[in-house]
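Subject: Handing over a structure

Hello,

Here is the structure I promised to pass on. Please open it first, then read the notes below.

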Amino acid sequence: MSRFWNSRVHKLEPYVPGEQPKIANLTKLNTNESPYGPSPCALEAIRNAASDTLRLYPDPTSSSLRQAIAERFDITSENVFTGNGSDEVLAHTFRALFHDDAPVLFSDITYGFYPIYCRLFNLPYRTVPLREDFALHQEDYVGPCGGIILANPNANTGMALPLEAIESLLSRHPDRTVVVDEAYVEFGAQTAIPLIKRYDNLLVVRTFSKSSGLAGLRVGYAVGSPELIEGLTRVKDSFNSYPLSRLSLAGAEASIRDHEWLEQTTHAIMQTRDTLIEQLRIRGLTVLPSKANFILVHHPRFEAGALATALRDRAIIVRHQSSSPRLKDWLRITIGTNDDSQRLLEALDDIEKKSH
Ligand SMILES: *Cc1c(COP(=O)(O)O)cnc(C)c1O
C-alpha cells in the first residue's frame with residue numbers, strides 16, 4: 001500500500017502469471033509455451049526487420065499483418081484487429097464491447113484474466129459454474145448480460161465446445177458481444193471464425209503465443225464484424241497508437257504465412273499429448289479429455305501441491321492453482337516434446353516408488 005496510489009489501484013488484484021524460473025535443465029511445463037518455437041521464416045523476418053528502419057515508428061494500423069491474417073481465413077482486413085498479445089486484445093474488448101448494465105458472464109473455471117479485466121474496467125460479472133464433469137452447457141447462460149466470454153478450448157480444463165453450442169449462444173444474445181478466446185484452438189478444436197459472416201456479435205480472439213511458438217513476441221488478434229473491430233480500434237487509438245513493434249509485425253506476418261510449420265508442430269504436440277494421456281491413465285491418474293497443448297490431471301494418491309513440489313525437486317515445473325476450490329486437487333501440465341513426457345513419467349514413477 002502506498003499513499004501515492006489512487007483508490008482504484010488499492011483495490012486491484014493483478015493476475016499472477018506462471019513463473020519463468022532460472023533453473024538449469026528445467027522441464028518447463030507450466031505456461032503452455034511451444035517446445036518447438038517459432039517458424040524459421042518468422043525468425044528470419046525478425047532478423048531482417050532489425051535494421052536502421054527501427055528509427056521509424058511502425059505502421060499504427062498493422063495493415064500488412066491484418067491483410068495476411070485476412071487471407072489466411074478468407075475474410076477481409078476490416079474483420080481483423082491486432083494487439084500486443086491477446087491479453088491486450090482482451091483488455092480492449094472488455095473496455096470497448098462489454099456493457100455494465102448487466103453482468104458479464106463467463107464460467108467459474110476459465111482464464112484468470114477475465115474477472116481481473118472486469119474489476120479493472122468496473123464491469124459487473126457473474127460466473128456460471130461448469131457442470132460436475134467440467135463441461136460447459138450453453139443453456140446455463142440465460143438472462144440479461146453485459147456480454148459473454150468463453151475460452152474454446154477452455155483454459156485449465158483443455159475441453160472443447162462444439163460450434164453448435166457457440167451458435168446457440170450467439171442467437172440467444174444477438175445484442176451482446178459473445179467473445180470466443182481461441183488461444184488453444186489449433187490443437188484440435190473447431191474454430192468459430194467462419195461464423196463471423198453470419199453473426200455480427202461474434203468476436204474471436206487469437207494469439208501467436210501458444211501454437212505459433214511466439215509467446216516472447218507478444219502478438220494477438222481478434223476477428224469479427226467491422227462494427228466490433230471499429231469499437232476495438234477506437235479504444236486502442238485512445239490508449240496506444242503503436243502497440244506492435246516493427247519486429248512483432250514482421251515476425252507475426254511471416255509466422256501466419258508459414259502454415260506448414262504450424263501444422264507440423266501442432267500435429268507433433270497433439271500426438272505427444274494423446275500418448276501422454278494414455279500413459280498417465282495406465283498409471284491410474286485421471287486426465288480430462290484435452291484439445292489443447294496442456295492437460296488437467298488428478299492423482300489418486302498424492303495431494304496436488306505435494307506432487308507439484310516433488311516434481312519441482314526433479315526440475316519439472318507444472319502449474320497448481322491452489323487458490324481455486326475446484327482446481328486445487330488438479331495439476332495443469334503443458335505438453336512438450338516426447339522427451340519431456342518421458343522425463344515427467346519417470347519422475348512420477350520415482351515419486352511413487354519413494355512413497356512406499
Ligand atoms: C495464454 C492465453 C492468453 C494470452 O495470450 P497472449 O497472447 O500471450 O497474451 C489468452 N487467453 C487464454 C485462454 C490463454 O491461455
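Start with helices α10 and α11, which are roughly perpendicular to each other because their angle falls in the 65 to 115 degree range. The angle is about 115 degrees. Their axes lie 10 Å apart. To find them, look at residues 304-313 for α10 and residues 338-354 for α11. The crossing is right-handed. On the α10 side, the contact is made by L307, A310 and L311. On the α11 side, L344, A347, L348 and I351 take part. Seven of the contact residues are nonpolar, with no polar and no charged ones. Please keep in mind throughout that this is a predicted model.

Next, the domains. The domain assignment splits the protein into domain 1 (7-37 + 260-355) and domain 2 (40-258). Domain 1 is therefore listed as two stretches, while domain 2 is listed as one. The C-alpha centres of the two domains are 24 Å apart. Across the boundary, 30 residues of domain 1 are in contact with 33 residues of domain 2.

Now the sheet. What is the order of the strands in the open sheet? It reads β2-β8-β7-β6-β5-β3-β4, seven strands with mixed pairing. Which strands stand at the edges? They are β2 (80-83) and β4 (125-128). Each has a single partner strand, so one side of each is left without a neighbour in the sheet. From one strand to the next, the twist averages 20 degrees.

Look more closely at the β2 end. β2 and β8 (residues 220-224) run antiparallel and are joined by four bridges. One of the residues to look for is T82, whose bridge partner in β8 is Y221.

Two helices to view against the sheet are α3 and α4. Helix α3 (residues 63-73) packs on the sheet and touches β2, β7 (202-207) and β8. The direction of α3 makes about 130 degrees with that of β2. Helix α4 (residues 85-97) lies across β2, β5 (147-151), β6 (178-181), β7 and β8. Relative to β7, α4 runs at about 160 degrees.

α4 also meets another helix, α5 (residues 113-120). The two axes come within 10 Å and cross at roughly 45 degrees. That angle makes α4 oblique to α5. The crossing is right-handed. From α4, the residues in the contact are D87, E88, L90, A91 and F94. From α5, they are F113, Y114, Y117 and C118. Here the count is seven nonpolar, no polar and two charged.

Finally, two points in the backbone. Which residues does the cis peptide bond join? It joins N152 and P153, with omega at about -5 degrees. P153 sits in the loop between β5 and α6 (163-172). The other point is D74, in the loop between α3 and β2. Phi of D74 is near 60 degrees, a positive value in a residue other than glycine.

If you want a route through the model, begin at the edge strand β2. Step across to β8, its antiparallel neighbour. Then turn to α3 and α4, which both touch or lie across these two strands. From α4, go on to α5.

Best wishes

Methods: Residues are numbered from 1 along each chain as its sequence is written. This is a predicted model: local features need pLDDT of at least 70, side-chain atom pairs count only at pLDDT 80 or more; totals for chains, interfaces and linings use all residues. Side-chain values use heavy atoms; hydrogens and water are left out. Axes are lines fitted to C-alpha atoms, for helices over the stretch in contact, and angles run from 0 to 180 degrees between N-to-C directions. Angles under 35 degrees count as roughly parallel, over 145 as roughly antiparallel, 65 to 115 as roughly perpendicular and the rest as oblique. A crossing is left-handed if the near helix is turned anticlockwise from the far one by less than a right angle, and right-handed if clockwise. Contact means heavy atoms within 4.5 Å. Ala, Val, Leu, Ile, Met, Phe, Trp, Tyr, Cys and Pro count as nonpolar, Asp, Glu, Lys and Arg as charged, and the others, Gly among them, as polar. Two strands pair if DSSP finds at least two bridges between them.
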